Amino acid sequence: MFEIIKKKTLAANIVAFDVLAPRVAKAALPGQFVIIIADQYAERVPLTITDYNREKGTVQVVIQALGPSTQKINLFNEGDSFHSFVGPLGQASEFVHMDLEDLKKKKYLFVGGGLGAAPVYPQVKWLHDHGIASQVIIGSKSKDLVILEEEMKQVAEKVYIATDDGSKGFKGLVTDCLEDLVKKGHHYDHCVAIGPMVMMKYISLLTKKLGIPTTVSLNPIMVDGTGMCGACRCTVAGKTKFACVHGPEFDGHQVDFDEAMQRQRQYADVEKLKGGDGYGQ
């Protein structure tokens with residue numbers, strides 16, 4: 001059983017859990033994910049790792065309650081335990097394996113759309129811990145849904161907030177904010193974008209035009225998380241990939257986003273009937 005050590009509400013229906021999972025914490029790296037089963041009757045829910053503490057043996061995940069499964073999870077409290085907490089799954093972020101001296105010469109920009117700010121955080125933190133500065137755009141519909149702003153400010157060189165309604169920071173989409181920064185003379189060697197599939201698509205289209213290599217973290221429908229079911233297959237550079245074992249991170253300029261979004265919507269009618277979850281980061 002995997003005990004919840006800490007529970008924190010980040011925004012409406014968005015909760016962060018610190019879960020006691022020493023073996024997962026020991027092996028976890030930025031970019032990877034876990035699969036949670038709340039109790040013996042619950043579904044498997046894939047969630048990107050938001051943070052980890054090897055000394056305490058804890059792993060943090062952030063969950064937005066959308067349907068029955070995630071609503072059930074978010075009702076758990078400190079002292080309760082999850083039935084299963086499997087991970088780390090997937091591949092770590094590419095920069096983890098790069099030469100640090102080469103990495104220090106690059107300017108990274110991270111774009112976290114909505115809940116995507118959560119999986120962006122451990123990547124920014126890892127770079128900070130290795131002496132590498134990076135900048136971050138956190139996008140949200142409104143100021144009430146902005147998450148991890150203060151935590152991000154502790155590890156990023158600069159944090160920009162973009163809200164659709166202009167209630168906080170830059171008024172507009174994250175794509176508008178990025179384009180504005182570039183027009184003002186900011187230079188970036190690499191962009192990492194995580195969030196809704198449509199957001200990652202348009203960030204990738206923009207960065208391709210701007211000549212900025214881009215990494216995205218795909219969140220397709222996933223079942224077993226080990227590459228056996230094939231549910232998370234996607235097309236990257238014309239080849240079939242499984243997000244759970246080959247990703248979840250891929251070259252954003254090579255992803256077939258239209259196909260990925262179509263596959264993500266294939267159970268939309270069933271979800272509406274049953275009040276299902278839209279699993280993501």
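1. Two strands count as paired if DSSP finds at least two bridges between them. The model under review is predicted, and the points below treat its two sheets, its nonpolar cores and several individual residues. With that definition in hand, strand β2 (residues 14-20) and β5 are joined by seven bridges and run antiparallel. Within this pair, Phe-17 has Val-61 of β5 as its bridge partner.

2. The pair belongs to an open sheet of seven strands, ordered β6-β1-β2-β5-β4-β3-β7, in which the pairing is antiparallel. At the edges stand β6 (81-82) and β7 (84-89); each has a single partner strand, so one side of each lacks a neighbour in the sheet. Strand β4 (residues 44-53) pairs with strand β5 (residues 58-64) over four bridges, again in the antiparallel sense. In that pairing Ile-49 is placed opposite Val-61 of β5. Helix α4 packs on this sheet and touches β4 and β5, its direction making about 30 degrees with that of β4.

3. On its other side in the strand order, β2 is next to β1. Strand β1 (residues 2-11) and β2 are antiparallel and are joined by six bridges. One of the residues involved is Thr-9, whose bridge partner in β2 is Val-15. The two strands form a hairpin with two residues between them, and Asn-13 in the turn has a positive phi of about 65 degrees. Strand β2 is mostly covered, six of its seven residues being buried.

4. How many residues make up the largest nonpolar core, and which have the most contacts inside it? This core has 53 residues, and Phe-17 and Phe-85 are those with the most contacts within it. Helix α4 (residues 117-129) supplies the largest share, seven residues. A second core, separate from this one, has 34 residues and includes Ala-162, Ala-193, Cys-244 and Met-261.

5. The surroundings of Phe-85 deserve a separate entry. Neighbours within four places in sequence left aside, Phe-85 is in contact with Phe-2, Val-19, Ala-21, Val-24, Val-34, Ile-35, Ile-36, Val-59 and Val-61. Val-61 is also the residue of β5 that is the bridge partner of Phe-17 and stands opposite Ile-49.

6. Another open sheet is formed by seven strands in the order β11-β10-β9-β8-β12-β13-β16, with mixed pairing. Its edge strands, β11 (170-171) and β16 (249-251), each pair on one side only. Strand β9 and strand β10 (residues 158-163) are parallel and pair over six bridges, with Ile-137 opposite Tyr-160 in β10. Helix α6 (residues 174-183) packs on this sheet, where it touches β8 (108-113), β9, β10 and β11; the direction of α6 makes about 145 degrees with that of β9.

7. Is Ser-134 buried or exposed? Ser-134, which lies in strand β9 (residues 134-140), has a relative accessibility of 0% and therefore counts as buried. Not counting residues up to four places away in sequence, Ser-134 touches Tyr-108, Phe-110, Val-124, Leu-127, Ala-156, Glu-157 and Lys-158.

8. His-190 is located in strand β12 (residues 190-194). Its relative accessibility is 14%, and His-190 therefore counts as buried, the cut-off being under 20%. The side chain of His-190 makes a polar contact of 2.8 Å with the side chain of Thr-215. Aside from neighbours within four places in sequence, the residues in contact with His-190 are Lys-107, Tyr-108, Leu-109, Ile-212, Pro-213, Thr-214 and Thr-215.

9. Where do the buried residues of helix α9 fall around its axis? In α9 (residues 257-264), the residues Phe-257, Ala-260, Met-261 and Arg-263 are buried. Viewed down the axis of α9, these buried residues occupy an arc of 160 degrees, so they line one face of the helix. They pack against α7 (197-210), β13 (214-217) and β14 (233-236). Met-261 is also included in the second nonpolar core. At the start of α9, a side-chain oxygen of Asp-256 comes to within 3.4 Å of the backbone nitrogen of Asp-258.

10. Leu-205 is placed in helix α7. With a relative accessible area of 48%, Leu-205 is partly exposed. Its C-alpha atom is separated by 7.3 Å from that of His-253, although the two residues are 48 residues apart along the chain.

Terms used: Residues are numbered from 1 along each chain as its sequence is written. This is a predicted model: local features need pLDDT of at least 70, side-chain atom pairs count only at pLDDT 80 or more; totals for chains, interfaces and linings use all residues. Side-chain values use heavy atoms; hydrogens and water are left out. Buried means under 20% relative accessible area, exposed over 50%, partly exposed in between (1.4 Å probe, protein chains only). A polar contact is a pair of N or O atoms within 3.5 Å; within protein, one must be able to donate a hydrogen and the other to accept it, and residues adjacent in sequence count only if both atoms are side-chain atoms. Contact means heavy atoms within 4.5 Å. The arc is that of the directions from the helix axis to the C-beta atoms. A nonpolar core is a set of buried Ala, Val, Leu, Ile, Met, Phe, Trp, Tyr and Cys residues joined through side-chain atoms within 4.5 Å. Axes are lines fitted to C-alpha atoms, for helices over the stretch in contact, and angles run from 0 to 180 degrees between N-to-C directions.
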